[in-house]
Amino acid sequence: MIGFAQVYTSIGKITIVSDGTDILEVLLPGSDLSRLPCEEADFPVLEKAKTQMKEYFEGRRTEFDLPFKSEGTPFQMRVWEALKLIPYGSSLSYSQIAEKAGSPKAVRAVGQANKNNKLPIIVPCHRVIGKNKSLTGYAGSKTDLKAALLELEKTEYKKA
């Protein structure tokens, strides 16, 4: 069974999806929940995820300790691994992530990998900003959410 739980945060309602063992997806505020083939559940892993998400938004957690599954191309997996290494309160550019993923010229592909990251916040794609420290698209075009997460972490960036 696939189940979900919701947690209310300073940026709005976040939905966390799990198979009972691993976190499968994190849906940011404004996401379409009707596509979820699941029902609300009280899996222990969801309770742990809700607690850690609350701690993150309260400024008491800087990294997540949750089991999760990610599925993607080998390049996407390398990008997501590189994202997990960006420390809380820091940021890297798309070109820096492309380099860390072993494909220095694949800057746009890093953007696509970020777009396909089903675990935002846990796998911190919000910490990737433009080379000139400008905000670029996040979760579609929700740069306001990206800005809120970076401000929570006190990351330096340029407002549009």
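Two strands count as paired if DSSP finds at least two bridges between them. In this predicted model, strand β1 (residues 3–9) and strand β2 meet that criterion, pairing in the antiparallel sense over 7 bridges. Within this pairing, A5 stands opposite I16 in β2.

**The strands around β2**

Strand β2 covers residues 12–18, and 5 of its 7 residues are buried, so the strand is largely enclosed by the rest of the structure. On its other pairing, β2 is joined to strand β3 (residues 23–27) by 4 bridges, and these two strands also run antiparallel. Here V17 has E25 in β3 as its bridge partner. Each of the two pairings forms a hairpin, as the table sets out.

| Hairpin | Residues between the strands |
|---|---|
| β1 and β2 | 2 residues |
| β2 and β3 | 4 residues |

In the turn between β2 and β3, G20 has a positive phi of about 100°.

**Helix α2 and its surroundings**

Helix α2 spans residues 74–84, and its buried residues are F75, Q76, V79, W80, A82 and L83. Seen down the axis of α2, these buried residues fall within an arc of 155°, so they line one face of the helix. An α-helix has 3.6 residues a turn, so residues three or four places apart point the same way. The buried residues of α2 are covered by elements that include α3 (94–100), α4 (107–115) and β6 (128–129).

How values were computed
Residues are numbered from 1 along each chain as its sequence is written. This is a predicted model: local features need pLDDT of at least 70, side-chain atom pairs count only at pLDDT 80 or more; totals for chains, interfaces and linings use all residues. Side-chain values use heavy atoms; hydrogens and water are left out. Buried means under 20% relative accessible area, exposed over 50%, partly exposed in between (1.4 Å probe, protein chains only). The arc is that of the directions from the helix axis to the C-beta atoms. Contact means heavy atoms within 4.5 Å.
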